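I set aside this session to go through the model at the bench computer and to write down what I looked up, in the order in which I looked.

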Amino acid sequence: MTSGDAARENPEQAKAKVFISYARKDIIFVDRLEASLKGRGFEPLIDRSEIYAFEEWWKRIEGLIARADTVVFVLSPDSIASEVALKEVAFAQSLNKRFAPIVCRPVADDAVPEALARLNFVFFDEEAQFEDAADRLAEALTTDIAWVRQHTDFGEQTRRWSLAGKPSGLLLRSPALEEAERWIAGQPRGAPAPTDETRAYINQSREATTRRRNILTGSLAAGLVVAIGLAGLAYWQRGLAVEERDRATRNFKLAQHTAESLVFDISQGLRDVQGMSVKSVRKILETAKATVEQLAVSASDDASLQRSRSVMLNEFGETYLTLGDLEQALKVHQEALGLVQRLAAGDPTNTQWQRDLWVSHGRIGDTLVQLGQLDEALKSHRSSLAVIEQPSRSDRANTQWQHDLSSSYIKVSDVLVEEGKLNEALDGYRACLAIRERLVSADRASMRWQRELSVVYNRIGDVLIAQGKLDEALKTFRDDLGISEPLANSDPSNTQWQRDLSVTYNKLGDVLMAQGKLDEALRPHGDAIAIRERLVRSDQSNTQWERDLALSYERVGDVLMAQGKLEPASKSYCDSFVIRERLAARDGSNTQWQRDLAVSYNKLGDVLVAQSNFDEALVSYREDLAIAERIAANDPTNTQWQRDLSVSYERIADILMRQGQAGEALKTYLAALSIRKGLGAADVSNMQWQRDLSISYDKTGAVFETQGKLDEALVSYRAGLLIRERLVASEGSNRQWQRELSASYDEVGDVLMQQRSFDEALKAYLEARRLRESLTAIDGRDARWQRDLSVSCNKVGDALAAQDKLDEALKSYQDGLAIRERLVVNDGGNLQSQRDLSVSHDKVGDVLMAQNKPQDALTAYGKSLPFRQRLAETDRSNSMCQRDLALNHGKLALTHLKLRNADDALSELRKAREIMAALVASEPKNKQWSKDLAVFDAEFDRLEGQTRR
């Protein structure tokens, strides 16, 4: 693997910044070096005084050096004599920057600056060896790059802190502080040490954090002592004469109020004090809990105090939840529920206690969702809904109860979505929508109700996408945009509204992508990125905004992938990866951040697959698997993590299949199938798990098909087909499931074709076409469904051609061709559509050849050729496109032979041989390519021999 390949594989390297220090007389060499480093994935930083003559020159130089991870010094007689270049070295040395000296022109050893003389040089003084030298430099620049990048980041933060007068507001806080301390402790051998000022910055950050924590816990502990003292006094006074009891009651209420306030301060404050162990937090909260319980013992009949205990426990539960201690969170929420159930049972008319009951059920449901216990979570949220329905219906003017009711509908529907029960979820979201529309109508000036309405539009749109109802989803998100955009524009400083708007933009982009409108999809995703980049710049400690930005970069990558623009897609995925890797390194216990990083590995693997870099893709997918296995091992009962693990197995198996390792692929697919069978059996009503199971049957069927085990393949495909028929029967309006069912019919038909059961295959293909025709009738503008229908036309044509029904086959192929021509006209930049159209022209040509109409066939193949050439030229690394072009030349050669155009046939065969020879040279182990080349060689030699005679 070359250094350039390594840079593409490793996003850390792809973002490394390199300052180039040089003498002006070496500018031609430096221009070439800059281009070479860019090609290897680095970001060169260069001062070009003629371009930046109007800037404060030296400040700009200092800024560039501070931003750089490494300083490359171009050694030459002119550079070591340059005052400016030596000044750059001195400044970089003051920051403890890493140096990489390279020799452009020979210099005397004793003339080299001391900071550089002790280092290893990379020699560029031989023109013919420039690229080899560049590879060695790239390797040096990427050594320990993750640590060096953090050296740059913390160095820049230290410099800003110092220049600002060292204010406490710029000191590091958790979790960045813990990350900085791990960074110092993990200094690799030979890496540049942190500066004394950087060490002082981190040490002072730790001291400030410790002071804040001590102040918090100390003051709260002192307050608790006061509260306990008041409680004791109150309890003693209760035993005195009647005239003292009023005073006792007042003291007791004061103790209660003081203790409650302090307990809530503790609970909420500990959510913000990061870096403290869960064990320490639990100890503090247990102490606070004991304080309130001491009060409760002295007044067991005091309902208000019992209520305070329940509210306190719910607060504690939220703190545990924030810290990731899910089991403890569930325990205290359940304890709170027990208290309010007793209160509510004692007085069912007390609406406050009913609302508390609603809160407790909801908190338990939220925690169970995070634990992956969806059935139990659904029960809790439905219990919460049942509690709030009665008071909210009895008093529709009470906006708080109406809002609570709408929130319950959302929580129930969220779980139903996770379980794949989309129709039920949609009903719940629409019930919520009706409530929130009434709230907005009653008070149009309320920004809160406007935002709440926007949220439910968003949820409805997500379900409609999942159901394949893209036009409805697009309208819903545009309705959402009609709310979120004016809100965001009315107050640009309101970060929540800005974030909401970015979410809506992303959703619009998702729908447009699903509709195949890829150019349009990029615009809203770009708008989302612009907002999220601004938010991250305004507060670099906000991890949620960083996570949002990573997601937006990923979405842009998805669109670019769909457009076949692999290099730009890879860059977007790398931008996302860098953020996620940083977050995951910051807190290894945060499973969501770890899962995000796993997704990034998946996306990078997908690009590498599209580039036919299967070995590197497999490395990326295995990184994903390692994360998924760690997370799943932490809690085998967490169904979401088990599902994630099955997806990771599936990705690796996909690569193994592409590499021709069918046996290993089958083992890995079966590992995924085993997990999904367990999930599916545990909850047969979970539509998502049933859908996953159908996909696993598809994958195993594909392996059996590749191995020639057609009976086993048919059994597996039909198992998947049965599941999908049940899914469609349970929810006939779900267009995505209908689309997947049509794909199952295709798979069954493909096996039957190989078994020469052409009549049965035709029946399966016609079932697929029937489903696809019904989908296109619903929305003829949906590019995906149109493409699916064109595939069906080709499949039906294949079955008819196999039965020698050539006229019918030709008509079916031409129907597919007409669809694909429209798709290319509608989106000329879509590379997949162009390839599809070339395939259709070839299909038509094949039938015409079978009908002994070579001149017409030549016309059809000729129409395919420009598309094949354009695709092959667009991405020379795409082996599939290269092979397609070679096969097209082969078809033209055979047609010319039929027409007795021997010279033209030889010319086409020569082109086909050249392409295939290049492919075989790039991957000699590929048996199919070697076979293709052998066929072309034999035919060329035979024809050339005939021509000579």
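In which sense do strand 3 and strand 4 pair, and over how many bridges? I found that strand 3 (residues 70-75) pairs with strand 4 in the parallel sense, over six bridges. I note at the outset that this is a predicted model.

**Entry 1: the sheet**

I looked up individual partners next, and saw that Thr 70 has Arg 98 of strand 4 as its bridge partner, while Val 74 stands opposite Ile 102 in strand 4. I then followed the chain from strand 3 to strand 4 and found that these two strands, together with helix 5 (residues 83-94), make a right-handed β-α-β unit. On to strand 5 (residues 122-123), which pairs with strand 4 in the parallel sense over two bridges; here I noted Ile 102 opposite Val 122. I therefore recorded Ile 102 twice in my list, because it faces Val 74 of strand 3 and Val 122 of strand 5. For the whole sheet I wrote down five strands in the order 2-1-3-4-5, forming an open sheet with parallel pairing. Strand 2 (43-45) and strand 5 stand at the edges with a single partner strand each, so one side of each has no neighbour in the sheet.

**Entry 2: strand 4 and its cover**

Is strand 4 enclosed by the rest of the structure or left open? I checked its residues, 98-103, and six of the six are buried, so the strand is largely enclosed by the rest of the structure. In a regular strand the side chains alternate between the two faces of the sheet. I looked for that pattern and found Arg 98, Ala 100 and Ile 102 pointing one way from strand 4, with Phe 99, Pro 101 and Val 103 pointing the other way, and all of them buried.

**Entry 3: Ser 392**

I moved to helix 16 (residues 374-394), where Ser 392 is found. Ser 392 counts as buried because its relative accessibility is 1%, under the 20% cut-off. What does its side chain meet on the backbone? I found a polar atom of the Ser 392 side chain 2.8 Å from the backbone oxygen of Ile 388. Leaving aside neighbours within four places in sequence, I listed Trp 401, Gln 402 and Leu 405 as the residues in contact with Ser 392.

**Entry 4: Val 536**

I then turned to helix 22 (residues 518-538), in which Val 536 lies. At 14% relative accessibility Val 536 counts as buried. Not counting residues up to four places away in sequence, Val 536 touches Trp 545, Glu 546 and Leu 549. I also took the separation of the C-alpha atoms of Val 536 and Asp 548, which are twelve residues apart along the chain, and it came to 9.3 Å.

**Entry 5: cysteines**

How many disulfides does the model hold? My count came to zero. I looked up the cover of two cysteines as well: Cys 432 counts as buried, at 0% relative accessibility, and Cys 881 counts as buried, at 9%.

**Entry 6: the chain as a whole**

I closed with the totals, and noted that the protein chain has 39 helices and five strands. Of its 949 residues, buried ones make up 54%. The chain exposes about 42600 Å², of which carbon and sulfur atoms supply 51%. Among contacts between residues at least 6 apart in sequence, 64% join residues at least 24 apart.

Technical notes
Residues are numbered from 1 along each chain as its sequence is written. This is a predicted model: local features need pLDDT of at least 70, side-chain atom pairs count only at pLDDT 80 or more; totals for chains, interfaces and linings use all residues. Side-chain values use heavy atoms; hydrogens and water are left out. Helices (H or I, at least four residues) and strands (E, at least two) are DSSP runs, numbered from the N terminus. Buried means under 20% relative accessible area, exposed over 50%, partly exposed in between (1.4 Å probe, protein chains only). A polar contact is a pair of N or O atoms within 3.5 Å; within protein, one must be able to donate a hydrogen and the other to accept it, and residues adjacent in sequence count only if both atoms are side-chain atoms. Contact means heavy atoms within 4.5 Å. Two strands pair if DSSP finds at least two bridges between them. A crossover is right-handed if, with the strands pointing away from the viewer, the path from the first strand over the helix to the second runs clockwise. A disulfide is a pair of cysteine sulfur atoms within 2.5 Å. Accessible areas come from the Shrake-Rupley method with a 1.4 Å probe; for residues, only the protein chains shown count as cover.
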